[in-house]
Amino acid sequence: MYDNNPTIEDVRKELKSHTNIPLGEDRQGEVLEMKAGQGAKKFYIESYGCQMNFSDSEIVASVLAEEGFSSTRDMEESDLILINTCSIREKAEDTVRKRLTVFNKVKERKPELIVGVLGCMAERLKKKFLEEEKIVDIVVGPDAYRDLPVLVAGAEEGNKGVNVFLSREETYADISPLRLGSNGVSAFISIMRGCDNMCSFCVVPFTRGRERSRDAFSIVSEAQDLYDRGYREVTLLGQNVDSYKWKNPETEEVVSFAQLMEMVALVHPDLRVRFSTSHPKDMTDDVLHMMAKYENICNYIHLPVQSGNSRVLELMNRTYDADWYRERVESIYRIIPDCAISSDIIAGFCTETEEEHQDTLDMIEWARYSMSYMFYYSERPGTLAAKKYEDDIPLEVKKRRLTEIVNLQNRISLEQNRKDIGKTFKVLIEGESKRSDQDFKGRNSQNKMVIFPKQEGLGPGDYVDVTVTEVTSATLKGHIA
Ligand code: SAH
Ligand code: SF4
Ligand code: F3S
């Protein structure tokens with residue numbers, strides 16, 4: 001949409017005319033505290049699942065703050081308990097049900113307490129939830145959070161409520177998320193919602209609806225606001241960020257993901273830009289070139305492979321094969337030589353043979369992932385795989401294959417991290433290390449956690465060069481260069 005090399009002034013100029021969120025505005029954080037002082041009603045929220053869900057909880061918090069609610073970390077003193085749920089694997093749903101029994105205990109002592117289920121499990125089970133779990137008062141799907149105040153008011157009157165309407169337009173573009181549990185340094189910005197891919201194992205298209213991209217200017221404005229409030233890192237979120245595509249209704253110009261990344265990178269050279277998740281079928285070289293062009297776009301790509309075998313990938317309906325994936329990885333290492341790549345892997349998908357499992361192990365070794373999220377296949381009701389294929393790999397076999405995958409990934413992570421010994425990285429300080437109050441923790445561009453002794457005058461949000469001296473499979477340790 002800009003010819004080439006746009007400046008932040010170009011972006012700002014357009015920004016002013018396209019959004020009603022003023023740059024650098026101070027948002028509901030303060031409002032929240034004010035209202036809390038006035039004895040307002042309190043909500044308590046727990047989030048499960050992916051970053052998208054955590055990001056949605058911040059939208060929910062903002063919607064409730066507008067209604068005079070304040071947040072609390074103590075469920076005992078809350079008037080409204082919300083649980084933002086995930087359906088991705090059976091275990092995720094089991095966790096939610098266990099939490100509901102805990103909330104039930106609180107409700108026994110405090111009958112006027114309202115319990116609401118939000119997110120993907122709410123969307124999947126809809127009003128069945130109210131039948132299955134008697135303690136639940138409201139059920140709200142991911143596109144219906146604007147309706148929360150109405151549903152809560154109804155519940156206060158004793159009416160249970162459900163809104164699981166999935167929208168084709170909702171992106172909550174105009175809602176300024178209220179940052180929950182933030183370190184004040186890194187924040188997530190949701191850039192799109194839903195998913196149009198139909199990976200056969202996956203419940204997300206059913207729980208999140210159709211893919212839609214958010215107004216690019218509202219994204220830049222949110223990034224600018226975060227920067228002005230001291231944040232130094234934003235992660236652009238979507239199930240498939242590479243298919244981001246927003247059409248400016250006034251000019252008809254289309255903003256691609258690579259262009260969006262550039263617009264956000266231009267907010268300030270000290271604002272790091274990350275993104276997640278990339279789908280291998282849509283990750284194009286223009287994204288890689290954009291990453292190479294801007295130092296503040298981090299050299300890290302989460303590129304889930306799922307399986308290293310083409311037959312299994314086809315059954316999964318991932319729409320790429322192992323060769324396509326390898327070509328994408330080669331392009332990444334060619335265009336951004338010091339890029340780190342991570343992955344998601346599913347062990348024991350329907351009909352997977354030992355040889356096909358071996359192909360996945362070979363892929364981990366070949367792609368040199370810095371880390372992976374690894375799971376064994378969990379059949380989800382309603383998905384293509386549940387309808388078409390038998391979940392025929394015995395649980396012990398799934399678990400054994402998963403263990404092999406985890407062990408190999410740990411070895412590869414350690415090998416990859418060892419290559420970093422002696423190197424110096426620019427690290428963004430996030431806070432104190434969990435293990436020792438004498439150390440800081442932060443991340444390098446490759447998204448690796450770096451631990452190093454504190455130095456006076458430095459704190460969260462500062463950049464510092466750290467030389468790596470020792471490593472584990474999960475972290476780098478070093479000292480300020
Ligand atoms: N949109 C992202 C993934 C979102 S879900 C992408 O396409 O990469 C996160 C991960 O959960 C998936 O990448 C997959 O590895 C895993 N997953 C999804 N459904 C699963 C299932 N039914 N069983 C086991 N793992 C699953
Ligand atoms: Fe699920 Fe596939 Fe969409 Fe990712 S791309 S959310 S795995 S359907
Ligand atoms: Fe779970 Fe929904 Fe995310 S199913 S992984 S919370 S999109």
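Here are three short exercises with worked solutions on this predicted model.

**Exercise 1.** Work out how strand β3 sits among its neighbours: which strands does β3 pair with, and in what sense?

*Solution.* Start with β1 (residues 42-47): five bridges join this strand to β3, and the two run parallel. For a landmark, look at Ser47, which sits opposite Asn84 of β3. Now go to the other partner, β4 (residues 114-119), which pairs with β3 over six bridges, again in the parallel sense. Here Leu82 has Gly116 of β4 as its bridge partner. To get from β3 to β4, the chain passes through helix α4 (residues 90-109), making a right-handed β-α-β crossover.

Next, check the side chains: are the residues of β3 buried or exposed? With buried meaning under 20% relative accessible area, six of the six residues in 80-85 are buried. Leu80, Leu82 and Asn84 point one way, while Ile81, Ile83 and Thr85 point the other. So don't expect an open face: both sets are buried, given that cut-off.

**Exercise 2.** List what surrounds ligand 2, then sort the shell by class.

*Solution.* Round up the residues: Cys195, Asn197, Cys199, Phe201, Cys202, Val204, Pro205, Gln239, His279 and Arg318. Sorting them gives six nonpolar, three polar and one charged.

**Exercise 3.** Find the domains, then see how domain 1 and domain 2 meet.

*Solution.* The domain assignment splits the chain into domain 1 (37-163), domain 2 (186-418) and domain 3 (424-480). Taken over C-alpha atoms, the centres of domain 1 and domain 2 are 29 Å apart. At their contact, 17 residues of domain 1 touch 19 residues of domain 2.

Key: Residues are numbered from 1 along each chain as its sequence is written. Chains are lettered from A and ligands numbered from 1 in the order in which they are written. This is a predicted model: local features need pLDDT of at least 70, side-chain atom pairs count only at pLDDT 80 or more; totals for chains, interfaces and linings use all residues. Side-chain values use heavy atoms; hydrogens and water are left out. A residue is near a molecule or strand if one of its heavy atoms lies within 4 Å of it. Ala, Val, Leu, Ile, Met, Phe, Trp, Tyr, Cys and Pro count as nonpolar, Asp, Glu, Lys and Arg as charged, and the others, Gly among them, as polar. Buried means under 20% relative accessible area, exposed over 50%, partly exposed in between (1.4 Å probe, protein chains only). Helices (H or I, at least four residues) and strands (E, at least two) are DSSP runs, numbered from the N terminus. Two strands pair if DSSP finds at least two bridges between them. A crossover is right-handed if, with the strands pointing away from the viewer, the path from the first strand over the helix to the second runs clockwise. Domain bounds come from an automatic or database domain assignment. Contact means heavy atoms within 4.5 Å.
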